[in-house]
Structure formats: C-alpha cells, structure tokens
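Trainee: I should like to work through this model step by step, with the reasoning set out for each point. May we begin?

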Amino acid sequence: MELGWLLWGAAVLLLLPVLMELSPAVNFVLRVGFYYLLCIVGSSVAAPICLLVNGGRTVKNMRIIKAVVKTFKYFFGLRFEVKGLEHFEVEGPAIIVSNHQSMLDMMGLMEVLPDDCVQVGKKELMYAGTVGLVIYLGGVIFINRKSTTSAKMVMAEVAKTMATDNVKVWVYPEGTRNCTGDLLPFKKGAFHLAVQAQVPVIPVVYSSFTNFYNPKKNLFTSGKIKVEVLPPIETKGLTSDDVSDLTDRCFRTMRETLFRLSGHPS
C-alpha cells in the first residue's frame, strides 16, 4: 500500500512540470497555490520571531517581516528595479500612496518599505490565520471599508498615531486591487489625512504586472517590476478645500509614471 502511494506521488511529481508547460491554467493555479503556501510558512516563521524580539505589536516588527518576504521573489523569478528611495528621507511623518494591483503587491511593498512605516489594510486581513497574526504584530492599521463612519474614525486615529509615534503611513488610494495596467479613481481619505496632519504625500508607482501576471489569462511567469518613489508633495498651508486638487494632482502624476514605467502610451 505504501509503495503504491509512493509510485502515485512520484508520477504526479514527474507529470507536474509537463502539465505546467502544456496548460497555462495548471501553471497559474500551482504558482498561486505555492505563493499562498509561502505566505503561510513565512508568517509562521516571522510571528514567533517578532514576539521574541519585540514582545508584541509594534512597527519595528516590519523589519523582520520585510526580511522574510523579500526572499519570496527568488521563488518566482521576479526582479525589482527601484529608483527614488531618497524621497522617503523626509523629516517626520508622511503619507505614502501607491498603486494596488494584485496579491503580489506585498512583495513590492516589502522591497521598498521604509523604517517606521505602517500600512492601512482591510479589516478582513486580521482573520487570515498566521498571515493576519503577523501583519497585526507589524502594526498594520485595519479599516472597515464597508462602514464610512468607522473608516473616518480609524483615519482620525491614524492622524494621532502619526504625530505621537512619528511614523509614515502607507495607503492604497484606489481602495481595491486593479490589475488592468491603469489606475482606478483615487479615494480621498489618504489626502484628507495628509492635509489634516499637514504632512507630505509621497507617491510610489509600480509598473504594470500584466505582462507576467494576469488572472484573466491564467498568466503567472517571471518578470521585472520597475518601482519609482516620486518627490514628496507638500501639504503645509492646504485646507480641506484643497483636497480634491491634491488628489487629482497625485493621480495624474502617478498615472503618467505608471504608463512610462510600463512602456505603455499615455
């Protein structure tokens, strides 16, 4: 009986590379499954280290999480070309905004994440097993996107956290994943927060993933991701009346950069 299972296992292992070559769907499912497995294993390794080193929930744990996640790219043949990291070197807090494409964004985030930076994420992530535990330990601020009142209260707390803990906050202003090679309209919450706290907005743009990752086409291969950190946009002296213009300005700048990095016509 055991020999039979061994033979079946060997046959499956031998057939998998062939199936992956012949079927894009099989290749896509297996690579996505392996990515989720890496997330579970990586978070299971990082969580106890975070607890041992820093004792609980703190943004300092992001250094540990970052070190673990930065190894993921080697499993998928992904390469990052990064420019403009010096723009993170602003004194005091800041709001960092970036485009949000897919589950792979976590690898891109950890590739450039500055120290003392917390992320704003959807509340549902809290319940994602060991992954939810480790991002909780990393200080991620969870927001209920279904409740406008709750979201506003959380963002008000974020403003206080920025001031008291002197941290930067990373936000995805599109509000949801968008793997189309373009940007969705920006929600204004991050920009209201920047104006309220009178802190700069730092845009970060990742080139389109569509040439190597596209769920609609069952595409998941190796590839290069260009990342550009743009100069900070100051908000000192701005008021709530200026939020729409600030949002539009940031959107236009990031969209032009996205097209340039992706080699697409604007």
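Mentor: The following exchange treats the fold, the sheet, the aromatic contacts and some single residues of this predicted model.

Trainee: How many helices and strands are there in the protein?

Mentor: Buried residues make up 45% of the 266 residues. Among contacts between residues at least 6 apart in sequence, 75% join residues at least 24 apart. As for secondary structure, the count is nine helices and nine strands.

Trainee: Which strands stand at the edges of the open sheet?

Mentor: Seven strands form the open sheet, with mixed pairing, in the order 1-9-6-2-5-3-4. An edge strand has a single partner, so one side of it is left without a neighbour in the sheet. The strands in that position are strand 1 (78–83) and strand 4 (141–143).

Trainee: By what angle are neighbouring strands of this sheet turned against each other on average?

Mentor: The sheet in question is the open one with the order 1-9-6-2-5-3-4. With direction ignored, the average turn between its neighbouring strands is 25°.

Trainee: In which sense do strand 2 and strand 6 pair, and which residue stands opposite S98?

Mentor: Strands of a sheet pair through backbone hydrogen bonds, either parallel or antiparallel. Strand 2 (residues 95–98) and strand 6 (residues 201–206) are joined over four bridges, and the sense is parallel. Opposite S98, in strand 6, stands V204.

Trainee: At what angle to strand 1 does helix 5 run?

Mentor: Helix 5 covers residues 105–112 and lies across several strands, including strand 3 (117–122), strand 5 (168–171) and strand 9 (223–229). Strand 1 is also among the strands it crosses, and the angle to strand 1 is about 45°.

Trainee: How many residues apart in sequence are the parts tied together by the pair of F34 and F76?

Mentor: The structure holds 12 aromatic pairs. In the pair of F34 and F76 the centres are 5.8 Å apart and the planes are at 55°, which is classed as tilted. F34 lies in helix 2 (residues 24–54) and F76 in helix 4 (residues 72–76), so the parts tied together are separated in sequence by 42 residues.

Trainee: Is F76 buried or exposed?

Mentor: Its partner F34 has 33% relative accessibility and counts as partly exposed. For F76 the value is 3%. Buried means under 20%, so F76 is classed as buried.

Trainee: Over the face of which residue does R31 lie?

Mentor: One aromatic cluster is formed by F28, F34, Y35, Y36, F75, F76, Y213 and F220. R31 lies at 4.8 Å from the ring centre of one of these residues, namely F220.

Trainee: How far apart are the end C-alpha atoms over residues 125–143?

Mentor: An unreviewed UniProt entry places the feature "transmembrane region" at residues 34–53 and 125–143. Over residues 34–53 the chain is 100% helix and 0% strand, with end C-alpha atoms 28 Å apart. Over residues 125–143 the chain is 47% helix and 16% strand, and the end C-alpha atoms are separated by 10 Å.

Trainee: What is the distance in space between K73 and G108, C-alpha to C-alpha?

Mentor: K73 is placed in helix 4 and counts as buried at 11% relative accessibility. Beyond four places away in sequence, K73 touches L78, F80, M107 and E111. K73 and G108 are 35 residues apart in sequence, and their C-alpha distance is 9.2 Å.

Trainee: Where is the place of S207?

Mentor: S207 counts as buried, with 3% relative accessibility. Among the residues it touches are Q101, K224 and L258. Its place is in the loop between strand 6 and strand 7 (213–214).

Technical notes:
Residues numbered from 1 in each chain as written. Predicted model: local features only at pLDDT ≥ 70, side-chain atom pairs only at ≥ 80, totals over all residues. Heavy atoms only, no water. Pairing = 2+ DSSP bridges. Helix = DSSP H or I, 4+ residues; strand = E, 2+ residues; numbered from the N terminus. Axes fitted to C-alpha atoms, helices over the stretch in contact; angles between N-to-C directions. Contact = heavy atoms within 4.5 Å. Phe/Tyr/Trp six-rings, centres within 6.5 Å; stacked < 30°, edge-to-face > 60°. Buried < 20%, exposed > 50% of the residue type's maximum accessible area, 1.4 Å probe, protein only. Lys NZ or Arg CZ within 6 Å of the ring centre and 35° of its normal. UniProt positions renumbered as here; feature names shortened; annotations may be inferred.
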